[in-house]
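This report describes metal sites and a ligand shell. The sequence and structure are shown first.

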Amino acid sequence: MKASKYLLFAAIALPLVLSSCRGERFKHQPVHPNMNMDQQERFEPQEENNFFEDNRAMRKPVDGTIARGKLKADKAFYEGVNEDGDYIENIPVDVTKSFLYRGKKQYEVFCTPCHGLKGDGNGIIMANNYGYVPAPDFHTDFVRERNEGYYYAAIANGVRTMPSYATQIEVKDRWAIVAYIRALQYSQNVSKDEVEQYDVSLDSLNQAFAKKQEEEQAKKEAQKAKGGGEVSVERGKTIATNNACNTCHSTDGSRLVGPTWKDLYGSERTLDNGETVVADEEYLRTAIVDPTAQVAEGFAPSMVPYDHLSDSKINSLIAYIKSLSKNAE
Ligand code: HEC
Ligand code: HEC
C-alpha cells in the first residue's frame, strides 16, 4: 500500500521534473507538456508565406497610405529646412519660458559633456583630453551666425565627427535645445551698455574671473615644469593623434575635411580671400592657434583653435607637419 503511493508520486513527479529541464542543449525538441505561446503559429521576419502572390510574409504598407503619426510633411518642423532645402532661420514653434527650461534640461543632459555648460566647448570630455575632436564654441561669429535650422539639423543628423542624437532626443526637444543654445549665446554676448541698465555689481564676477585665470596659468606652469618642454617630430605625431587631427587631415595626399599635410610645409597656399602665402612655420602656427585668420581656399572654416596647447606641443606639431613635406630643408 505504502510502496504503491510512492510509485504513483514518482509516476507524476518525475516527468514534470524532467520536462522542466530547459536551457540545455537538446538533440531533439525539449519535452514541452504545457503548450503555451511558445508554440503558437506565427511567421518569423523574412519568412516565406505562399498565401501571398509574392510569397513574402512581411507586407509592405499599402501604396499611398501612411501610418498614423508617421506623416512628416512639415519639413520645417521635422528637418529644419524650407521647401528649397535651405536651413530655416527661426525655430518653427512658440518659444515659451517652460519650453526654454525644457531645452536647458535636455541640453545639460546631452550636450554639456562636450560643449560645456556655457556652450564654450569646455565639456568634461574636452577638458580631460581624451583625444576627441574638440567641440566648437557656440559663441564665435561663425557658429552664432548660423540659422536655427542648422542647429536642429546638427542634433538630428550629426555634423562631421559629431554623432546624430535623433534616437535619443525627440523632435520637439531638439527645438527646445536650439532655443536654449540661442539663450546661451545671448548670455555671452550682452553689450556693456545693456549690462549697465541692470543694477548688478560686476566686482565679484571680475574677481572670480581673475582667480580662474590665475589658476589656469599655474596649471600651465606646473605642466611645463613636469618636463613637457621637449620638441620633436615623434612627439608631434603623438599629439596629432591624441587631438584627433588625423580625422580631418590626411598624411597621404588625400582630401578629408581639411587639407592634407603631405607636402603642405613650404608649398604655396591660396587663401579664401584670394591672397597667396607660403606655408612656413609661422603660417602653420597661425593655422593651429587661430585657424580662421587664414582659411585655405576651398575649405570651410570648421577647424577650432588649438590655442590651449603649450608652445612645445605646437612646435612639435609643426615639426611633424614639416617632416611630411618634400619641401623641408
Ligand atoms: C561627444 C561629444 C559631443 C556631444 C555630446 C555633442 N556634440 Fe556637438 N559637436 C561635437 C564636435 C566634436 C563637433 C565638431 C565636429 C567636427 O567639426 O568634426 C560638434 C559640432 C556641433 C555643432 C556645429 C557647430 C559648427 O561647426 O557649425 C553644433 C550646432 C552642435 N555640435 C550642437 C550640439 C548639440 C545641440 C548637442 C546636444 C544635443 C551636441 N552638439 C552634443 C561634439 C559633441
Ligand atoms: C574638424 C576637422 C579638423 C580638425 C580636427 C583639425 N583640423 Fe586643421 N583644418 C581643418 C580645415 C577644414 C582646415 C582648412 C580651413 C582653414 O584653413 O581654417 C584646416 C587647416 C589646417 C592647417 C592649414 C592647412 C593649409 O593647407 O593651409 C593646419 C596646419 C592645420 N589645420 C593643423 C591642424 C592640427 C595640428 C590639428 C590637430 C591639433 C588640426 N588641424 C585639427 C579641419 C580640422
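The sections below take the two ligands in turn.

## Basis

The model is predicted.

## Iron site of ligand 1

The protein donors to the iron atom of ligand 1 are NE2 of His 115 and SD of Met 162, at 2.0 to 2.1 Å. The site is octahedral, and the angles among its six donor atoms run from 87 to 179°. The two residues link distant parts of the chain, being 47 residues apart. His 115 belongs to helix H4 (residues 112–115), while Met 162 sits in the loop between helix H7 (148–157) and helix H8 (171–188).

Is each of these donors buried or partly exposed? His 115 has a relative accessibility of 9% and counts as buried, because the limit for that class is under 20%. Met 162, with a relative accessible area of 24%, is partly exposed.

## Iron site of ligand 2

The iron atom of ligand 2 takes its protein donors from His 249, through NE2, and from Met 303, through SD; they lie 2.0 to 2.1 Å from it. This site is octahedral, with angles of 87 to 180° among six donor atoms. His 249 is in the loop between helix H11 (233–242) and strand E1 (268–270), and Met 303 is in the loop between H12 and helix H13 (311–323), so the pair ties together parts 54 residues apart in sequence.

His 249 has a relative accessible area of 13% and is buried. Met 303 is partly exposed, at 31% relative accessibility.

## Shell around ligand 2

How many residues surround ligand 2, and which come nearest? There are 26 residues around ligand 2, and the nearest are Cys 245, Cys 248, His 249, Tyr 283 and Met 303. By class, the shell consists of 20 nonpolar residues, five polar residues and one charged residue. Helix H12 (residues 281–289) supplies the largest share of the shell, with four residues.

## Polar contacts of ligand 2

Side-chain contacts involve two of the nearest residues. A polar side-chain atom of Tyr 283 is 2.4 Å from an oxygen atom of ligand 2. For His 249, a polar side-chain atom lies 2.8 Å from a nitrogen atom of ligand 2; His 249 is also a donor to the iron atom, through NE2.

A backbone contact involves Ala 296, which has a polar backbone atom 3.1 Å from an oxygen atom of ligand 2.

Conventions. Residues are numbered from 1 along each chain as its sequence is written. Chains are lettered from A and ligands numbered from 1 in the order in which they are written. This is a predicted model: local features need pLDDT of at least 70, side-chain atom pairs count only at pLDDT 80 or more; totals for chains, interfaces and linings use all residues. Side-chain values use heavy atoms; hydrogens and water are left out. Donors are N, O and S atoms within 2.8 Å of the metal (3.2 Å for Na, K and Ca); water is not among the atoms, so sites may look incomplete. Four donors count as tetrahedral if all angles lie between 85 and 135 degrees; four count as square planar and six as octahedral if opposite donors are over 155 degrees apart and all others between 65 and 115; anything else is irregular. Buried means under 20% relative accessible area, exposed over 50%, partly exposed in between (1.4 Å probe, protein chains only). A residue is near a molecule or strand if one of its heavy atoms lies within 4 Å of it. A polar contact is a pair of N or O atoms within 3.5 Å; within protein, one must be able to donate a hydrogen and the other to accept it, and residues adjacent in sequence count only if both atoms are side-chain atoms. Ala, Val, Leu, Ile, Met, Phe, Trp, Tyr, Cys and Pro count as nonpolar, Asp, Glu, Lys and Arg as charged, and the others, Gly among them, as polar.
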